[in-house]
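Let's take a friendly walk through a protein model together. Have a look at the picture and the sequence first, and then read on.

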Amino acid sequence: MGTSVAYPVLRTTDPAEAYAKARHLCGLLATRYAQVYVGAELRTVADVRRMAALLPDAIYDHAEIRTDPVTGEPVHFDLDVRTATDAELAGEVPLWFSQEELPDGVRDEDFVRAMGAGPASVRWEGCWPDEPELGSFPSPAYDGVQLVLNSEACEWCEQVAGIHRVYVHVTKHGDRGRAERLAAAIGGAVLGEPEQG
């Protein structure tokens, strides 16, 4: 997905509700691509253990920039999350990870249930229906749905524990009318200004 315009259409403290509404919106896509993009910040060793059991091959790295105290060079996370000890991981958290495609047998719902209190995102891509009579056209490189957990921003970089949002991504120029119709379909509304996705 390119840099799209994302409209927040739901804000809730219930992650199950946010997930259900996001999945409902996915059902409104005329075409939904198979890939599901997930990413999160893991704040505790327990968070890392849960996610490593689910997504052992994801790309893991430090959530905050770290540098070698002697050389000043960036230090990257290089432990294997499957075999590292709890003590080793405790010295490395918070960790960030992303995965562009869920492995066979892992559902997006499994990821949502495995999340801790750190910010996270699940993104489904596709195309919204062609609605020329309403001035809305599909945009295959930009359309989609995003669930953001524990954050109030589409980019999910800052933690707001217990607040979850659903976004609809519509073209790179935006389409407020389509966003309003999609929000109404889940009993929501466009909440504030659009964001860059």
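Our starting point is Glu152, which counts as partly exposed because its relative accessibility is 28%. Here buried means under 20% relative accessible area, exposed means over 50%, and partly exposed lies in between (1.4 Å probe, protein chains only). A word on the source: this is a predicted model, in which local features need pLDDT of at least 70 and side-chain atom pairs count only at pLDDT 80 or more, while totals for chains, interfaces and linings use all residues. Residues are numbered from 1 along each chain as its sequence is written, and side-chain values use heavy atoms, with hydrogens and water left out.

**Around Glu152**

You can find Glu152 in the loop between strand 6 (144-149) and strand 7 (164-169). Helices (H or I, at least four residues) and strands (E, at least two) are DSSP runs, numbered from the N terminus. Leaving aside residues up to four places away in sequence, Glu152 touches Arg11, Val160, Ile163, Arg165, Tyr167 and Glu195; contact means heavy atoms within 4.5 Å. Met51, by comparison, is 101 residues from Glu152 in sequence and 22 Å away in space, C-alpha to C-alpha.

Which residues share a network of salt bridges with Glu152? They are Arg11, Arg165 and Glu195. A salt bridge is a side-chain nitrogen of Lys or Arg within 4 Å of a carboxyl oxygen of Asp or Glu. In general, side chains of opposite charge can pair when their charged atoms come close.

**Strand 7 and its partners**

Now follow the chain to strand 7. Six of its six residues are buried, so strand 7 is largely enclosed by the rest of the structure. His164, Val166 and Val168 point one way from the strand, and Arg165, Tyr167 and His169 point the other way.

Two strands pair if DSSP finds at least two bridges between them. Strand 7 runs antiparallel to strand 1 (residues 5-12), joined by six bridges. Across this pairing, Thr12 stands opposite His164 and Tyr7 stands opposite Val168. Strand 6 also pairs with strand 7 in the antiparallel sense, over five bridges, and there Gly144 has His169 as its bridge partner.

Strand 1 is largely enclosed too, because seven of its eight residues are buried. Two bridges join strand 1 to strand 8 (residues 195-196), again antiparallel, with Glu195 as the bridge partner of Ala6.

**Salt bridges elsewhere**

The structure holds 17 salt bridges. Three of them are listed here with the distance between their closest N and O atoms.

| Pair | Closest N and O atoms |
|---|---|
| Asp57 and Arg82 | 3.5 Å |
| Arg178 and Glu131 | 3.2 Å |
| Glu131 and Arg181 | 3.0 Å |

Asp57 forms a salt bridge with Arg82. This pair links distant parts of the chain, 25 residues apart: Asp57 is in the loop between helix 2 (45-54) and strand 3 (59-62), and Arg82 is in the loop between strand 3 and helix 3 (86-90). Asp57 counts as exposed because its relative accessibility is 61%.

Arg178 forms a salt bridge with Glu131. Here Arg178 is in helix 5 (residues 176-185) and Glu131 is in the loop between strand 5 (120-127) and strand 6, 47 residues apart. Is Glu131 buried or exposed? Glu131 is buried, because its relative accessible area is 19%, and Arg178 is buried as well.

Glu131 forms a salt bridge with Arg181 too. Arg181 also belongs to helix 5, and 50 residues separate this pair. Arg181 counts as partly exposed because its relative accessibility is 31%.
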